Amino acid sequence: MDSKEKQFIEEFKAYLSIEKNFSEHTVKAYCSDIVSFILWLNGVKCVECNFDKLREYLHFIQRFDYKKTTIARKTASVRTFYKFLTRERYIDSNPAESLTAPKRPKPLPKFLTPEEVEKILNNVKIDTPAGFRNRVILELLWATGMRVSELSNLNIGDINYEENEIRVFGKGAKERVVLMSERAKNYLKQYIDSARTLVVLPEYRTEDVNDSSPVFVNNTGYRLQNKTIRNAINEIVERIELPKKVTPHVFRHSFATKLIENGADLRIVQELLGHAGISNTQIYTHISMKHMKDVYETAHPHGK
């Protein structure tokens, strides 16, 4: 890789971060894909590639045992890279404009029934401040459909008790408002008023709590990490021997599924989940249809 191509990658990285507002994880993956692509070119300049050369690269990566999602991302990386090179006028025309990737499979999301959620919630040990904090976290995941990263990044100033609203910052730092149930709000208020300070060990406690302070903290007073939340869920699920793999994202799927099954408008669910496009939300209609068929087959005498 020559110095010019190294420059392209550095500028591409800045383009993805600043202008495309991609997450750090996505930026890293895209840049890694382009480095691999340039190395595959084996001396051929990336600015001299044509459509046939790019198709040859796609055929090459399909020889490996990559998932379709990985091949789709690698294709998107190349398309975005050449769009960048064209925009910056490093090349006159975009050879990747017609480059297509295999369609991504869309498996139905796994979800919990309301009864399963309640069983999990009721088995959280709340006899310690940290245990009560974990109960509040799960109440909020179920009540709001937030991503676990959005929940761990909550600050005190993001909560509006009067309107039962919470301001969250989703993917690409997009701001939206989610709604919380009365029960979730009461748990949250009790946690912040009483248990939050007690979670922190005495030697780390401070009176300096303001709107910018994290809602959920660990025993040293720092913002709670996603891994701690996942571990808390795993511990409960193993203890009650629930025969399902449960993650914070399963709570999100369960929230959306319940809304759709109860007749919620798809656009409203899209807004609450923070989906960029309606197609991401439509997958829950398939779950709802499956639920209706199951009910029909169980309840109707000629259902089966």
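What covers the buried residues of α5? Keep that in mind as you click around; this is a predicted model, and helix α5 is a good place to start.

**Stop 1: helix α5**

Select residues 114-122, which make up α5. Now highlight E116, V117, I120 and L121: these are the buried residues of the helix. They span an arc of only 135 degrees around the axis, so they sit on the same side of α5. In an α-helix there are 3.6 residues a turn, so residues three or four places apart point the same way. Next, pick out E115 and N122, the exposed residues on the face of α5 turned away from its buried side.

Back to the opening question: the cover over the buried residues of α5 includes α6 (129-144), α8 (182-199), α9 (226-240) and α10 (248-261). Show those helices together with α5.

**Stop 2: the largest nonpolar core**

Stay with I120 and add L140, L188, Y191, F216 and F251. Of the 44 residues in the largest nonpolar core, these six touch the most other members. At least two residues of this core come from each of α5, α6, α7 (148-152), β2 (165-169), α8, α9 and α10. The biggest contributor is α6, with eight residues.

Zoom in on Y191. Which residues is Y191 in contact with, leaving aside its neighbours within four places in sequence? Select F132, R133, V136, R196, V199, V215, F216 and V217, and you have them.

There is also a second, separate core, this one of 28 residues; L16, C46, C49 and I71 are among them.

**Stop 3: aromatic pairs**

The model holds 18 aromatic pairs. For one of them, select F37 and Y82: the pair is edge-to-face, with 6.1 Å centre to centre and 80 degrees between the planes. F37 belongs to helix α2 (residues 24-41) and Y82 to helix α4 (residues 68-87), so this pair ties together parts that are 45 residues apart in sequence. Both F37 and Y82 are buried.

Keep Y82 on screen and add F81. These two ring centres are 5.5 Å apart with the planes at 80 degrees, so this pair is edge-to-face too. F81 is buried, as is Y82.

**Last stop: a lysine over a ring**

Finally, select Y161 and K189. Where is K189 placed relative to Y161? Look over the face of the Y161 ring: K189 lies there, at 5.8 Å from the ring centre.

Key. Residues are numbered from 1 along each chain as its sequence is written. This is a predicted model: local features need pLDDT of at least 70, side-chain atom pairs count only at pLDDT 80 or more; totals for chains, interfaces and linings use all residues. Side-chain values use heavy atoms; hydrogens and water are left out. Rings of Phe, Tyr and Trp (its six-membered ring) pair if their centres lie within 6.5 Å; planes under 30 degrees apart count as stacked, over 60 as edge-to-face and the rest as tilted. Helices (H or I, at least four residues) and strands (E, at least two) are DSSP runs, numbered from the N terminus. Buried means under 20% relative accessible area, exposed over 50%, partly exposed in between (1.4 Å probe, protein chains only). A charge sits over a ring if NZ of Lys or CZ of Arg is within 6 Å of the ring centre and within 35 degrees of the ring normal. The arc is that of the directions from the helix axis to the C-beta atoms. Contact means heavy atoms within 4.5 Å. A nonpolar core is a set of buried Ala, Val, Leu, Ile, Met, Phe, Trp, Tyr and Cys residues joined through side-chain atoms within 4.5 Å.
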